[in-house]
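Please open the model in your viewer and keep the selection tool at hand. The stops below take you through a few selections, one after another.

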Amino acid sequence: MKKNFLTFSEVRNLFFEEFPQYKSERRARKSQNEYSCDCRCAFVDFVDFLRKDGKISERTADNITLG
């Protein structure tokens with residue numbers, strides 16, 4: 001039976017919903033390094049939490065970026 005994991009887009013959308021303090025940084029064509037260090041660190045922790053909770057696959061956790 002295949003698990004229904006979150007997609008890259010869903011993870012990014014959920015991150016900005018859960019961390020509204022970073023919503024002002026969100027841009028469609030912004031690269032990963034253009035986000036603040038605090039935002040990037042929060043995203044990494046968020047992705048790690050989703051992986052440990054079984055919401056995303058290991059592959060998604062390894063490959064997702066903010067940009």
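Begin with the cysteines of this predicted model, for which a search of the whole structure finds zero disulfides. Select Cys37 and Cys41 and display their sulfur atoms: the cysteine sulfur closest to that of Cys37 belongs to Cys41, and at 4.0 Å it is too far for a bond, given that a disulfide calls for sulfur atoms within 2.5 Å. Cys41, looked at from its own side, is likewise in no disulfide, its nearest cysteine sulfur being that of Cys37. With a surface shown, Cys37 proves to be partly exposed at a relative accessible area of 46%, and Cys41 is partly exposed too, with a value of 42%.

Next, select residues 37-52, which make up helix α2. This helix has 16 residues, and the distance from its first C-alpha to its last is 23 Å, close to the 22 Å expected at 1.5 Å a residue. Within the selection, colour Cys39, Ala42, Phe43, Phe46, Val47 and Leu50, which are buried. If you turn the view to look down the axis of α2, these buried residues fall within an arc of 135°, so they line one face of the helix. Adding α1 (8-18) and α3 (58-63) to the display shows what the buried residues of α2 pack against. On the other side of α2, pick out Asp38, Val44, Asp45 and Lys52, which are exposed.

Which residue forms a salt bridge with Lys52? Select Asp48 together with Lys52, and the closest N and O atoms of this salt bridge are found 3.1 Å apart. Because Lys52 and Asp48 are four residues apart in helix α2, about one helical turn separates them. Lys52 counts as exposed at 68% relative accessibility, whereas Asp48, at 36%, counts as partly exposed.

A search of the whole structure finds three salt bridges, and the remaining stops take in the others. Side chains of opposite charge can pair when their charged atoms come close. Select Arg51 and Glu58, which form a salt bridge with their closest N and O atoms 2.8 Å apart. Arg51 is partly exposed, with a relative accessible area of 28%, and Glu58 is also partly exposed, with a relative accessible area of 43%.

Keep Arg51 on display and add Ser57, whose place is in the loop between α2 and α3. Is Ser57 buried or exposed? Its relative accessible area is 16%, and Ser57 is therefore buried, the limit for that class being under 20%. Leaving aside neighbours within four places in sequence, the residues in contact with Ser57 are Phe5 and Arg51, so that a selection of heavy atoms within 4.5 Å is a suitable way to display these contacts.

For the last stop, move to the residues that follow α2 and select Gly54, which lies just after the helix and takes a positive phi of about 80°. Then select Asp53 and Lys55, whose side chains meet in a salt bridge with an N to O distance of 3.9 Å; the cut-off for such a pair is 4 Å. Asp53 is partly exposed, with a relative accessible area of 42%, and Lys55 is partly exposed as well, at 41%.

Technical notes:
Residues are numbered from 1 along each chain as its sequence is written. This is a predicted model: local features need pLDDT of at least 70, side-chain atom pairs count only at pLDDT 80 or more; totals for chains, interfaces and linings use all residues. Side-chain values use heavy atoms; hydrogens and water are left out. Helices (H or I, at least four residues) and strands (E, at least two) are DSSP runs, numbered from the N terminus. The expected span of a helix is 1.5 Å times one less than its number of residues. Buried means under 20% relative accessible area, exposed over 50%, partly exposed in between (1.4 Å probe, protein chains only). The arc is that of the directions from the helix axis to the C-beta atoms.
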